[in-house]
Amino acid sequence: MEKKATVKDVAREAGVSVATVSYIMNDRTDQKIRPETRKKVLQIANLLNYRPSHAAKSLATGRNNMIGLAYSLGGNNPSRNHEILQFAHLLIERMNRLKYDVVFIPVPESDTDSAEDPQSINHNIDAIIAMDLSHEQFHSLSNDYMVPVIAVDMLVNDNLFYQIYSDYATVVKEVRDVIPTDCYLLLDPFSNLEYMEQITAGFPSDHILLLPDLSPERLKELGESECIVIGSYLTTLIQPYCNPRKLHVISSEKEGKWLPDGLSVTYMDVSKKANMTMNVLLNSLNRNFDIEHDLPVK
């Protein structure tokens, strides 16, 4: 079997140090290397068919190119589950294109479930993207992992962390402003109560209906009431009981494939949220912290 070329082989043939080869192969921009040296090393690496190992990359860059995703799915929020999985799929797609591996991090039930055994913590993770966790879950997670943690669809209100969220509050207000009469807000429960309170602000408590409380009898009581509904899946569940002309849907499904024709639909751009999350992630990994920490997305 042909022996694989090593970093030492490339360094010897190029007449440079092993560190210089590592810097060049990992495209380190913080090291001053002459263009002719860079070109020579890349040519020799190509001739020897040398590819740096994961361990070599980690040593040269100080990273493992591994990102953690933390989220939980519930039985009473199918629209939220769908949007979280849709968003996670977009993130994984983008991270894989940039050669980042993605691992799922179990979400602690509460702040008392912080990892007591240090061996249970994955120390190879460079950063974490956490989605719609409770205040206690988020802070338990951030206490366990001393890496950048980006909060998605959460209000953590802590300048140590970035928070990126779909600006449902603004969109709900815009939709509500064009409805001439009183209306109800129908939605799945959110894990992050601070975020849900922002979305539902301005509605009387008896005009906020969560999925677990939406029995057929309760839906029939709405009659001809105007309803703002967050989520395509939730809309399909309530649509048989409501007048479709009275439904105003806010959806992450651009194609609206689950929705009947004729509904009033406002689209929330999940792809835009994924792109913003990736930009913040890359800035965090590069230790560029001079960006906004509160980032609503419409």
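## Helix packing and two buried threonines

Helices α5 and α11 pass each other in a right-handed crossing. Welcome to a short tour of this structure, which is a predicted model. We start with that helix pair, move on to helix α1 and its surroundings, and finish with two threonines.

**Helices α5 and α11**

- The two partners are α5, spanning residues 78-97, and α11, spanning residues 270-285, and their axes come within 9 Å and cross at roughly 50°.
- Angles from 35 to under 65 degrees fall outside the parallel and perpendicular classes, so α5 is oblique to α11.
- On the α5 side, the contact is made by E83, Q86, F87, L90, L91, R94 and M95.
- On the α11 side, V270, S271, K273, A274, N275, T277, M278 and L281 take part.
- By residue class, this contact divides into eight nonpolar, four polar and three charged residues.

**Helix α1 and what surrounds it**

- Helix α1 covers residues 7-14, and V7, D9, V10, A11 and A14 are its buried residues.
- The cover over these buried residues includes α2 (18-25) and α3 (35-47).
- How do α1 and α3 cross, and at roughly what angle? Their axes come within 9 Å and cross at roughly 125°, which makes the two helices oblique to each other.
- The crossing of α1 with α3 is right-handed.
- V10, E13 and A14 supply the α1 side of the contact, while K40, V41, I44 and A45 supply the α3 side.
- Sorted by class, the residues of this contact are five nonpolar, no polar and two charged.
- V10 and A14 thus appear both among the buried residues of α1 and in its contact with α3.
- Just after α1 comes G15, with a positive phi near 70°.

**T20 in helix α2**

- T20 belongs to helix α2, one of the helices that cover the buried residues of α1.
- Is T20 buried or exposed? T20 counts as buried because its relative accessibility is 18%, under the 20% cut-off.
- The side chains of T20 and S17 are joined by a polar contact of 2.9 Å.
- Beyond residues up to four places away in sequence, T20 touches I33 and T37.

**T200 in helix α8**

- T200 sits in helix α8, which runs over residues 193-200.
- With a relative accessible area of 11%, T200 is buried.
- Which residues does T200 contact, leaving aside its neighbours within four places in sequence? They are L185, L187 and I208.

How values were computed:
Residues numbered from 1 in each chain as written. Predicted model: local features only at pLDDT ≥ 70, side-chain atom pairs only at ≥ 80, totals over all residues. Heavy atoms only, no water. Buried < 20%, exposed > 50% of the residue type's maximum accessible area, 1.4 Å probe, protein only. Helix = DSSP H or I, 4+ residues; strand = E, 2+ residues; numbered from the N terminus. Contact = heavy atoms within 4.5 Å. Axes fitted to C-alpha atoms, helices over the stretch in contact; angles between N-to-C directions. Parallel < 35°, antiparallel > 145°, perpendicular 65-115°, else oblique. Left-handed = near helix turned anticlockwise from the far one by under 90°. Nonpolar A, V, L, I, M, F, W, Y, C, P; charged D, E, K, R; others polar. Polar contact = N/O pair within 3.5 Å; in protein donor to acceptor, adjacent residues only side chain to side chain.
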